[in-house]
Amino acid sequence: MALFQTLIPALCTLSLLFQIQPSYSATCTSQKFGRNRIFQHCNDLPQLNSHIHWTYDSSKSALSLAFVAFPARPDGWIAWGINPNGTGMIGTQALIAFKKPGGDSMIVKTFRLNSYKSVEQAEIMYDVSRLEAEYHGGLMMIFATINLPNGMTTLNQVWQVGASVMNGTFPAIHAFQPENLSSKDKLDLRKGQSLTSTSQENSGLRSKQIHGALNTVSWGMLFPIGIMMARYLRTFADPAWFYVHISCQMSSYIVGVAGWATGLKLGSQSKGVEYTIHRDFGITLFCLATLQILALFLRPKRDHKYRFYWNIYHHGVGYGVLVLGIINVFKGLEMLDPPKKWKLAYIFFLAVLGGIAISLEVITWIVILRRKPGKSGISIRLYDGQKDSNGRQQPLTS
């Protein structure tokens, strides 16, 4: 009798374990949910040991879903979301669930993932109802019904898991292992299949790389070189410096316009993603560079009374484009996040260019201060060619 009294609790415990385990197994087809929740389709997601269950009502364009995953740690979080315009994290409209402090009861909230550094708790662009979360045996589950745009039968899904929650209210940053970075694919709601999105993703990345390369070459390289040609080459090669300067700046403008147009196209294809500072800098750069090109056609003669004001306009706008262009190149590198060698290579380029500029500045001033007016017949005019009352060339102004 004592033996049976000992075995009965153990058998009851085993019975409970065998009842729970099939409900939350490693494959979605064996997973079952309480409260009579039944879904037509399910997929075992390829990363992070996660699963998605769903039913799609085409007449209402409504998606009922359950997302199931293990958090990175027991007190971590899980997330599932839709990216309306891309295949990655940025722009995702997400549902994120985590435990309430001090227990196993769950909280689930909506978040907008605006950038890698900006996760905003806010209403997402889709209407969400029946939003709930549960925790069982180490697994976290998100349940929701999402109203999708009419005719939307495929979606870019993104999912993620994290290890901790800050102050019990906000998900901390997740790991950056390969499986974390690859937790995304395209879901066909009617066929119940995950579709590969590699070609689309590669195409988007290629467009970003082209945009970055064009603008780096334009505002970040050709434009500074063109300014150096105007400032230093004129002392030794007048009027050849003018044609070299114009060639550099025109080439910079043409390449820059191509990069700007590529950026506009990327922006139109990524309505859920906003790079406000980078975008505003890019628009300002284009406007200032256009004004600088107009300076070529508005350029008065050297002895014209408005030449002084033209110099101020031309030099001020030129240096504005120089500074803003370099800053925006670094902003773009920060967002594109290429291998570190590319950022280091651009920093090295700027350092070399700066070193050359300093050397030429010293040499130019030495030449100007030592050279007597008219000696050797070589012109040392600087933009307006004016000289002071003693007949000495005025200092460089651009």
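Modeller: Quick bit of groundwork before we start: helices here are DSSP runs of H or I, at least four residues, numbered from the N terminus. And keep in mind that this is a predicted model.

Biologist: Fine by me. Which helix holds His-211?

Modeller: His-211 is one of the residues that UniProt, in an unreviewed entry, places under "binding site". The run covering residues 198–232 takes in His-211, and that run is helix α3.

Biologist: Is His-211 buried or exposed?

Modeller: Buried means under 20% relative accessible area. His-211 has 16%, so it counts as buried.

Biologist: What does the side chain of His-211 reach at 3.3 Å?

Modeller: Leaving out residues up to four places away in sequence, His-211 touches several residues, including Thr-262, Gly-263 and Leu-266. With Gly-263 there's a specific atom to point at, 3.3 Å from the His-211 side chain: the backbone nitrogen of Gly-263.

Biologist: Now His-278. Which residue from the UniProt "binding site" set does it touch?

Modeller: His-278 sits in helix α5, residues 276–297, and is buried at 17% relative accessible area. Its contacts beyond four places in sequence include Asn-328, Lys-331, Gly-332 and Met-335. The contact list also has a residue from the UniProt set, and that's His-211.

Biologist: And which of the set help line the largest cavity?

Modeller: UniProt's set is His-211, His-245, His-278 and His-314. His-245 lies in helix α4, residues 240–269, and is buried because its relative accessibility is 7%. From the set, the lining of the largest cavity takes in His-245 and His-314.

Methods
Residues are numbered from 1 along each chain as its sequence is written. This is a predicted model: local features need pLDDT of at least 70, side-chain atom pairs count only at pLDDT 80 or more; totals for chains, interfaces and linings use all residues. Side-chain values use heavy atoms; hydrogens and water are left out. UniProt positions are given in the numbering used here, feature names are shortened, and annotations may be inferred rather than shown by experiment. On a 1 Å grid over the protein atoms alone, a cavity is a set of points where a 1.4 Å probe fits but cannot get out, and a pocket is an open set with protein on both sides within 12 Å along at least five of seven lines; lining residues have an atom within 4 Å of a point. Helices (H or I, at least four residues) and strands (E, at least two) are DSSP runs, numbered from the N terminus. Buried means under 20% relative accessible area, exposed over 50%, partly exposed in between (1.4 Å probe, protein chains only). Contact means heavy atoms within 4.5 Å. A polar contact is a pair of N or O atoms within 3.5 Å; within protein, one must be able to donate a hydrogen and the other to accept it, and residues adjacent in sequence count only if both atoms are side-chain atoms.
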